[in-house]
Structures are given as C-alpha cells and as structure tokens.
Amino acid sequence: MQFFEYFERDSVLHRINPSIKLILIIILVFTITFAYDPYTPFIFSILAIIQITLLGKIPVKQIFKMILPLSFILAGITVTSIISYNTALEEVSNIILSWKTIQITTGSIKFGLTIGFRISCFLLYSILFVATTDPTDFILSLIVQLRLNPKIGYSTLVGYRFIPLLSTEYQNIYDAHKIRGAKEKSGVIAKIKRFKKYAVPLMVIAARKAQRVAIAMSSKCFCAYPKRTYFRDVRVRKIDIMYTILFTALSIIIFALLIKFNILNWGYRSLR
Amino acid sequence: MANSGIIKLTNFSFSYDGKNKILKNITLKINKGERILVLGPSGCGKSTLTLCLNGIIPQLIKGKVEGTILVKGMSAADTPISSLSQHIGIVFQDPESQFCMLTVKDEIAFGLENLMIARKNMEEKIKSSLEKVDLLPYYEWMLNRLSGGMKQRVSLASLLAMDQEILIFDEPTSNLDPKGTREVSEIITKLPKDKTLIIIEHKLDEFIDIFDRILLIDNRGRVVAFDYTKEFFLNYQQQIKKMGVWLPQISKYIYKLYKSGIKLDNFPLNKEEAKKAFEKNTNIRQQSFAVLKQEISKDICRPAGSYKGSCNPDQCIVKVENLCHKFRQSNKYALENINFTVNKGDFLGIVGNNGSGKTTLAKLIISLYPTKLPSKITIYNPNSSKYREAKKDEILELIGFVFQNPEHQFVEDSVYKEIAYGLKVKGCDALSISKKTDEMLKIMGLEKLKDTNPFNLSQGQKRKLSVASILVMDHEIVILDEPTFGLDYITTTNLMNLLVRLNKKGTTVIIITHDMNIIFKYTRNLLVLKNGNLAFSGSTRKFLNEKEIIKSSDLGVPLLYELYSEVSSYAIL
C-alpha cells in the first residue's frame, strides 16, 4: 500500500521547511483547480517533474514507479470525463466520434484532458512533498511553525510508525487463519469481509500497543512542562525565503504568459 | 534521607475495581543504590507495582489505592507523573512499543526535549549515553533496523540521557534471543553504582550477579519475602518452586547439595563461585560431582535410551532439499541451501537468533509461502494405505502449526468454540467434536473458562488455548513457534510433558525456541540456523560437543552443563 514514500537525500527540496513547502503547494494546487484548460495543469505537472528530479534529486523512474499503480484510475477518470461531457455547452461542436447517445467532440476531449492533467498535477505535487519531506521534520515543523498541539503531533508520529507493524500483524493473522482451515477467498468483497473478521484481533493488538506507547511517553516526562525544546532545528531559513520567492515568481510568470497568449481559461465556462 | 530510603511503601494496596486487590498491604523500603529483583508468578502484580511507583497508576490508569508510596519523599499518587518521571525511568518489555520517534538520536532527544534541555547541550548528552550502551555507531540509524537487544539498549540510553536516579526494567529480555539477552544483562551490570535498579526478570541465570536483594510477591499480591540474594535462595527455594517461578540453575543444584548435607559456605549462585567451592572443598568434591552428574543426566544429557517415542529411522516424514527463500522486498536470502529430513516420531528443535530464518522455514514447511525449484519440500503421508508423498491440499491436514502470538489465530468468540473450530471445519460429527473438545479443555485446565472470550484470557491462558486448538486436531506433525514464551515454570513443564506424551504416541513434534534448557531437556534432534544457513543438523546430544558452532551461532549451553564440563577435571583427581 506504499504508493508514496520518503527518499532520504540531501537536496534543495529536502532542505526546504516542510510547512513552507506544504503551504506553497496547497496555494498552487488550489489556484490550478480554477483553470479550465488542459494546458495549465499540464505545464505545472512538467514543472513538478522538473523540480522533483533536479531540485529533489529523485530519478524520473521513481516518480513513474509511484504513479503507475494510480495511472489506471487516472486513465479511467479521463475517459469517463470525455464520455460524460455535456456537448451542449459548446458554442461550436466538432464531432469526432458519435455512437448511440455518446458524442465525442474536440471539446469533450479537452475537458477529459483538463480533468486528467489536473489530477496528475495533484499527484505530482503530493509526490514532490512526500518524497522530499522527512516525516519527523514535517511533524516538528507543524508543531513549531504552525502551532500544532505537540500531543497531537507526537501521537501522529507514533501512528506513522505503527502502519508497517500493523500490516505485518494483518499478514500473520491471515496466515494463522489459513492454517486453522479457514477458506480464504480472493476478490474485493471477500477482502472486505475478511477485514471485518480481522478487525477484532487487529484492534486489540493496536489498542494495547497504543497504551504501552502512551505509558512509555508519560514516563519519559512528555508534557512535563508547558513548553519543550527541540533537538532538530526546524527554523525558517534563508533558503526557504529564496525558494518561496523564486517559486512564486516563476508561477506568476507562467500564469501571466498563459493569460497573455489566451490559453488560460478561468472558471467553469465553456471551453474554447 | 539515607535512612528513610529512596522508595518507601507503607501498607500499600491497589485494585482496579475496588474489590480484587492486585497488590495487598505492601510495606517495604528500598535504599539508594540498591539493586532489587522482583520475582513472582505471572499476573501477581509485578508490572502493576512498577507503574505505581511513577504515578502512571492511579493517575493515568485509574484504580483504587490504599496506603502510600513515597519516592524521594514525594507521594507517588499525588505528585504529577511528569515530576516523578524525572527521577524514575522504565525500560519496558516490548521493544516495539516504547518508542515514539523513528531514529535513534531523535528517540533519545525526545526525553531531553521534554525536560527542556537546551539544544546545544543535547548532542553531547545523546552521544555519551549511546556510548554507555555501546551503540554510538548507530546514532543516525532508523530504530526499525535494529535488533531487539539493540532496541532495549536504546531505550536504556534514553533513560541514561535523562539522568534518572531510579531505573526500572520490566522484563527487559523476554522478547529477546540469547544474544540480545546477554547484551542487555552485560549493560545493566555495567551501570553506575549510584543508580537504584528495580528489575523484573525471569531469565535469572544471566542476571543473578546483579542483585543485592530479592522481593518475592505471591499470586495474591502479597510480599512473601524481601531478603538478600543468597539468604533468599537458601531460605525460600521451596516457596519459589511452588509458585511456578523459574529458579537459577546453579542455586537449584547447590540447594540440592545443601539438602543432602553438603553445606557450602557462602551459598554459590553463579558458575565462578561454584567452581571456587569445588576447588576449596576437596573433601566433598566427589560427592558434589555425583549430584551434579545426576542433575545433568536428568535435564541435559539424557542417555539415548530415555527417549521413549517411536521415532522410526526409516520413515521420513518431511524432506527439505536445496531450500532457498528470498522475500520480495529484500535482496538477501532469508534461507540458503537448506537440506534435512525429519523422521516420523521425531522431537525436533529449531534454534537460532532472531532473523536467522526459523519461522520462515516453518512457514515454508506448511506451504504458506510457495517454493521454487530446485528448492523442494516433500511431506510424506504415513496414514494412507501406501506410504506416499502428501498432496498439496493434504499438507494442512497433516501439519498443525501454533503461532508465536496466540491472538493471531483466534477465530471464535469463546474458548470452547475456539477449540472445536478446527474439528468443525474438518467435518467431524457433533458427538466426537464435543467429546474431543471436552477432553482437551480438561487436559489444559481450561474447563472453567470454556465460555470466556479468548481475548479476555491472561497471556498464559491464551497460549494454552492456542496450543489446545491445534493439538485437538491430532495432526501427524505439530510445529510450535516459541510455545513457552512468557510462561512460568509450572505451565511450561505441563505443556512440554503434554508434547512428550503426544510424541510417545507417534506424533512428530517440531519446536522453535530460544530456550536452550528446553532444547536439551526435551528434543531428540536439533537444527541450528545462522543467518539463513544450516549451521548444525543432528542429534541434540552431539550438539553439546560442537563448541565452535555453539559459540559462532551465539547460542549457549545450560549453565549447569558448563559447570559440569569445567569441574570434571577436579573430580577425576
């Protein structure tokens, strides 16, 4: 289930403060949501790939490895969007293909690609963030820069550590039940049923582990004082300010050019 | 303060529900710098007591407290946990679930951050505490890449960095292999003398030299004894045995001598002291050696004829050829070129340190993981009219497998249904199901609990149930993965005797364990795995002479046997 994972490297993107990175990405992705043309998200997708490979030192191969399991869903959404597009919204319809009630026009293809590229843009910026952000730094930055309650922050870190443990436990339970003679079927519905059956032992194990960690944390003086010091230095540094300025400037220039050449299409209007 | 003790309990009682007292009327005093062992049967409230000391009980986990605990003059029930924790640190049993960070340095820093230590002082403190547990090279490592023993040492290092005066160890080695246990016991021995240590531990042979005094608690939560180590093992040996608590081997032997009239002065507890006694007391040497030999032949080097099982040398039941196995995510072989055969009726032990491939091997034998040629595992079906290879779908009928964690295999919501489950799946008729299930409940002593939900049982009962639910099936081969883990002496002996009885009736028993005492006492043949390779395969008795392999695979031989081989030269003189 690990589509996105963190790659330990020493790169510009790795050194950027996680909160700054997160905020920049959220603003950019939010802005792109309003672009109703395939070109804008496409160009920003390319920009993401360039950043991950050049600034993040992560090879293109790894990016595709991470996106591959999701590419079927991506393709599916694109095709559905093309088919379900309401061609009546178009001023001029150039029909490419017509079969029964389905009409595929240049407009519907544009619409499908818009949705497809928009989702791939989301995915790529998520990869940019996850692959270049140390989970511990991320949580600490949320606590220090964005004033997240340390109790919630540190619990989240513990939860993150438990994910692989629980997946091992799941496999063990599966094996044990198989040996007991339980007939385990394959398929999605069987999987969901099985998960319901395994939920009890998994919950028992998880709850016990959680309580143990809670006891261990308390006995290490967690929250002894209203404030705490930090071993990792997650300040906002010069490099963060420089990256913010450059990233914002570059994005504005791209948007400006797209507007100038009349490519960008704001809001939900008919596609040109 | 020196006279009033660093920890003082006065008429202390605790119960979760206000009725059943887990701890009852405890009054005791522990002095600064003392090293205390807490002994008692499982479920007697040892862990509860430690959590009471730093206020987790009753502040975080609620319950009813009577009497007082004073830690450095502070009342443990009323002083905030965070203040108490600055004086008391705990190393817990489960290495996995006591960390909240991902790397070694962050984990140690976590405690320092809580105490508001300035960042500039942290690195030095982290490094010096890691040095004390010999883990400095692992400063940057991810915690999940460390072995169990190393994790426990990191946990200790994080307490040393916080510089707490009282350190509590709650069964620190119970999840560890022999190597990890030795690492941890060595580090604890080396701790500075001004630390007050309270240790709950079962594996006493490795730890016995550490303690000043021993506290014995019975299963009703009362203090039975609190005495200096030597006096303790001399005076309370019978009571300890009755409670089902493990005894250190040397003390057991010396006590036997004592009873037979040979009273060695200073009551030796470790091998060196016993050896010295042998050197000094020439007049009783022969007699002591005879008793030692008797003990050894009972528990360790059993003569070949004493195995009454019907091991048939001609009837091979499991055959493993050229076995190699690699997990998908890893590029290292988990098992490499393993070859061996198991005959029908054998009692086979599989040993090796954590990560040496024991469980993987067992799971391959029951075909949970597929094998690729030229790796080949053949199971033979001795029941069919013609002795032949078992088909794939017969394997699970022939082999029963008891998992390491009992909870993994629970499928039903009551003890009775849990035991009957396998028989039901197999399609037995109702009458024979109820007969067999009742019989098994009786053997395991679970009759009174037959309507209880398996998840509500104690750890020892869960283990018994998981074994019962497999044994009821009368499999031809039974594989048990760490069946005695966390069990007390009496339960372990009962379980092993049950396996011996089954073995005598012809069942092939394969047992995976870290406990070398069990291996030498019960198994006929032995497989030793080391980093995925087969380091030894042959009779268990022969293994005693393989000094090289014993050393290189980080396994030990029982202490008494070591003593025996070291003093045998004196005895001949």
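pLDDT is the predictor's confidence in each residue, on a scale from 0 to 100. Keep that in mind, because this is a predicted model.

Confidence first. Chain B has a mean pLDDT of 88. In that chain, 96% of the residues reach 70 or more. The low point of chain B is strand β15, residues 388-389, with a mean of 74. The high point is β8(B), at 96. For the complex, the predictor reports an ipTM of 0.84. The pTM is 0.86. One general caution: where pLDDT is low, the predicted coordinates should not be read in detail.

Now chain A. The domain assignment splits chain A in two. Domain 1 takes residues 12-139 plus 236-271. Domain 2 takes 148-219. Between the centres of these two domains of chain A, over C-alpha atoms, there are 35 Å.

Next, the interface. On chain A, 40 residues are in contact with 48 residues of chain B. Which elements of chain A give two or more residues to that side? They are α6 (135-144), α7 (150-179) and α8 (188-218) of chain A. The largest share comes from α7(A), with twelve residues. By type, the chain A side divides into 23 nonpolar, seven polar and ten charged residues.

On to the strands of chain B. Start at β1, residues 7-15, and β4, residues 64-71. These two strands of chain B run antiparallel, joined by seven bridges. Within β4(B), Lys64(B) stands opposite Ser15(B). Then β4(B) pairs again, with β5(B), residues 74-75. That pairing is also antiparallel, through two bridges. Here Leu70(B) faces Ser75(B) in β5(B) as its opposite number. β4(B) and β5(B) make a hairpin, with two residues between them. Look at the turn: Lys72(B) has a positive phi of about 50 degrees.

Further along chain B there is an open sheet of six strands. The order is β16-β17-β18-β13-β19-β20, and the pairing is mixed. Which strands are at the edges? They are β16 (399-402) and β20 (533-539) of chain B, each pairing on one side only. On average, neighbouring strands of this sheet are turned by 15 degrees against each other, direction ignored. Inside the sheet, β13 (347-351) and β18 (508-512) of chain B pair in the parallel sense, over four bridges. Leu348(B) has Ile510(B) in β18(B) as its bridge partner. A helix joins the picture too. α18(B), residues 459-471, lies across β16 and β17 (477-481) of chain B. α18(B) runs at about 175 degrees to β16(B).

Two residues to finish, both in loops of chain B.

Val557(B) lies between α22 (547-552) and α23 (559-572) of chain B. Is Val557(B) buried, exposed or partly exposed? It has 19 other C-beta atoms within 10 Å, and buried needs 20 or more, so Val557(B) counts as partly exposed. Beyond its neighbours within four places in sequence, Val557(B) is in contact with Met516(B), Leu544(B), Ile550(B) and Glu562(B). Take Met516(B): 41 residues from Val557(B) in sequence, and 6.4 Å away in space, C-alpha to C-alpha.

Lys190(B) is in the loop between α7 (178-189) and β8 (196-200) of chain B. Why does Lys190(B) count as exposed? Because it has 10 C-beta neighbours inside 10 Å, and the cut-off for exposed is 12 or fewer. Lys190(B) and Ile81(B) are 109 residues apart along the chain. Their C-alpha atoms are separated by 28 Å.

Methods
Residues are numbered from 1 along each chain as its sequence is written. Chains are lettered from A and ligands numbered from 1 in the order in which they are written. This is a predicted model: local features need pLDDT of at least 70, side-chain atom pairs count only at pLDDT 80 or more; totals for chains, interfaces and linings use all residues. Domain bounds come from an automatic or database domain assignment. Two residues are in contact if their C-beta atoms, placed from the backbone, lie within 7 Å. Ala, Val, Leu, Ile, Met, Phe, Trp, Tyr, Cys and Pro count as nonpolar, Asp, Glu, Lys and Arg as charged, and the others, Gly among them, as polar. Two strands pair if DSSP finds at least two bridges between them. Axes are lines fitted to C-alpha atoms, for helices over the stretch in contact, and angles run from 0 to 180 degrees between N-to-C directions.
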